[in-house]
Amino acid sequence: MKLLVTMTMIMVGLSFHGFVHGFQHCRSSRSISSTRSASLKAITSRYYHYRFSSLSSSSRSSSRIAGNTSSTCIIIPRKLSTTTTTTCTTLFASTDPSSSSNTNKARILFLGTPEVAATSLQRLLSESQNNHQSCPYEIVGVVTQPPKRRQRRGKEVASPVGIVAQECNIPVLCPEKAKDDGFLTELEQIYKPDLCITAAYGQYLPKRFLKIPKFGTLNIHPSLLPRWRGASPVQRSLEAGDNPVGVSVLFTVSKMDAGPIVKQQELEINENDNATKLLPLLFEMGTEMLVEVLPDVIKGTITMETASPQNEEEVVNADMIDSSEGELFVWRDSARMCHNKIRGFSMWPGTFLHVKIGNDNDDDSHDAEEEIVKMKVLESRVYKESGGSDTLLTDEIVLGPNKGDGLRVVCGDGSVLELLTVQPVTRKAMDAKSFVNGLRGRTLRWVKVLLESERVVVG
């Protein structure tokens, strides 16, 4: 009798496991029982994506969708893995984004994509978890850019924000465009956010989106607005030599980065600080500011009307950076200008100059051995601000005489730029001393490359 009961329980368990396994492999067109329809409606959106490459062998079997791993497949967010490094607790009683664990809390939708935005999301989640009773909001969903392949033949990988959301069992939406009608309808009918927060999301938000949250949309922007509105505020501010820099929390309006400012904070920086260091720091500052003002925004104390409008006469645009801007024109620009560009473009696209490696002789014949290469410049400093009577204008690049010195480049105005870390094409990054050792006594000179405006078309 005991054996019969045991076998019956095992078979029931296997049947239930098979039901769940089959349920997770269903397609949107597959019929499901009426008891599951209501809770499944919200989480079977074609905007859900999943980072398949991140799954362990045990969890992959319960998260794969048979015959469809495209960017438009249906995905039910997995439970938090026991091996993840992200600290999360269960935020919702179900994965249905239309439900809420507390009807008194404001429903927040977070939009972001890169690592700095993922850090902001983690901070907001931490605040809502550590102060669960007193925190006036909860994150009901996340919107991020669709997964991308980092390698030509690699698997699609979710954005850093998407990964954090998946690990915390938060529904993730990845519309190709934020203006997609289906995406906006889903926000209006299912997610129904009271407030939206954007942090380096990377897409323009249409008017229809901005009308959805009753408290509006807040944005973290790493500049002292209205200076440096646009796609590359940190890079452009460093390129321009700004000090201090800063971060703003503002309401989002249709015009890019033009909304009224809720809070703003300045930051004094070192002359050698670069974008790689400052961008995460500014987003951390901005997130703390955001956490501070959220209760007043939700209470209605801070609104679009009470926030500070921007002065349109002080607007400076932070245009998107083109990869061609990374070239250093040492024969034209000062050492300070080149150094600021190296700092500003440290993350992307990087900076470089063309150099000629050859024997040290004055023979201009074609027999002279020489090689022109593209050399990336990763780290620099200004050795001399302006040229004096003792400065010899030359195209030769030489290593300083003391330990820790860099490659010294005399710029067009006589100022001297020191290259501390460089990377020849197809080689690893190295300090100046290591690079010179590889020259084996050969000379190093910069090569002038004509600008597009300087080129003369013949014929």
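**Exercise 1. Charges over rings**

Find which residue lies over the face of Phe352, and at what distance from the ring centre.

*Solution.* Start at the ring of Phe352: Lys374 lies over its face, 4.2 Å from the ring centre. Keep in mind that you're looking at a predicted model. Now move to Tyr383, where Arg408 lies over the ring face, at 3.8 Å from the centre.

**Exercise 2. Aromatic pairs**

Work out how the rings of Phe329 and Trp331 are arranged, and which residues their cluster holds.

*Solution.* A pair of aromatic rings is described by the distance of the centres and the angle of the planes. The ring pairing cut-off is 6.5 Å between centres, and with that rule you get two aromatic pairs. One of them is Phe329 with Trp331: the centres are 5.5 Å apart and the planes make 75 degrees. Angles over 60 degrees count as edge-to-face, so that's the label for Phe329 and Trp331. Next, check burial: both Phe329 and Trp331 are buried. Finally, follow the ring pairs along and you'll pick up Trp446 too, giving a cluster of Phe329, Trp331 and Trp446.

**Exercise 3. Helix H4 and its neighbours**

Check the length of H4 against expectation, list what its buried residues pack against, and describe how H4 sits relative to H5.

*Solution.* First, the length. H4 covers residues 115-130, which is 16 residues. At 1.5 Å a residue the helix should span 22 Å, and the end C-alpha atoms are indeed 22 Å apart, so the two agree.

Second, the buried residues. These are Val116, Ala117, Ala118, Ser120, Leu121, Leu124, Leu125, Ser128 and Gln129. An α-helix has 3.6 residues a turn, so residues three or four places apart point the same way. As for partners, the buried residues of H4 pack against strands E1 (106-112), E2 (137-143), E6 (195-199) and E7 (217-221), plus helices H5 (160-167) and H9 (275-299).

Third, the H4–H5 pair. Two packed helices are described by the angle between their axes and the distance between the axes. Here the axes of H4 and H5 come within 7 Å and cross at roughly 30 degrees. Angles under 35 degrees count as roughly parallel, and H4 and H5 are therefore roughly parallel to each other. On the H4 side the contact is made by Glu115, Ala117, Ala118, Leu121, Gln122 and Leu125, and on the H5 side by Pro160, Val161, Val164 and Ala165.

**Exercise 4. Helix H10 and the bend after it**

Decide whether H10 is largely enclosed or not, then find the cis peptide bond in the loop that follows H10.

*Solution.* Count the buried residues: eight of the ten in H10 are buried, so this helix is largely enclosed by the rest of the structure. By name they are Ala335, Cys338, His339, Asn340, Lys341, Ile342, Arg343 and Gly344. They pack against H8, H9, E12, E13 (370-384) and E16.

Now walk into the loop between H10 (335-344) and E12 (351-358), where Pro349 is found. The Trp348 to Pro349 peptide bond is cis, with omega near 0 degrees. There's another cis bond from Asn243 to Pro244, with omega near 15 degrees. Pro244 lies in the loop between H8 (233-239) and E9 (245-251).

**Exercise 5. Phe435 and two positive phi angles**

Say whether Phe435 is buried or exposed, then do likewise for Thr426 and Arg440.

*Solution.* Phe435 belongs to helix H11 (residues 432-439). With a relative accessible area of 7%, under the 20% cut-off, Phe435 is buried. Setting aside neighbours within four places in sequence, Phe435 touches Met375, Leu407, Val422, Pro424, Met430 and Leu444. Its C-alpha atom is 8.5 Å from that of Gln423, twelve residues away along the chain.

Most residues other than glycine have a negative phi, and most peptide bonds are trans. Thr426 goes the other way, with a positive phi of about 70 degrees. Thr426 sits in the loop between E16 (416-424) and E17 (430-431), and a relative accessible area of 78% makes it exposed. Arg440 also has a positive phi, near 55 degrees. Arg440 lies in the loop between H11 and E18 (443-446), and is exposed with a relative accessible area of 78%.

Notes: Residues numbered from 1 in each chain as written. Predicted model: local features only at pLDDT ≥ 70, side-chain atom pairs only at ≥ 80, totals over all residues. Heavy atoms only, no water. Phe/Tyr/Trp six-rings, centres within 6.5 Å; stacked < 30°, edge-to-face > 60°. Buried < 20%, exposed > 50% of the residue type's maximum accessible area, 1.4 Å probe, protein only. Lys NZ or Arg CZ within 6 Å of the ring centre and 35° of its normal. Helix = DSSP H or I, 4+ residues; strand = E, 2+ residues; numbered from the N terminus. Expected span 1.5 Å × (residues − 1). Contact = heavy atoms within 4.5 Å. Axes fitted to C-alpha atoms, helices over the stretch in contact; angles between N-to-C directions. Parallel < 35°, antiparallel > 145°, perpendicular 65-115°, else oblique.
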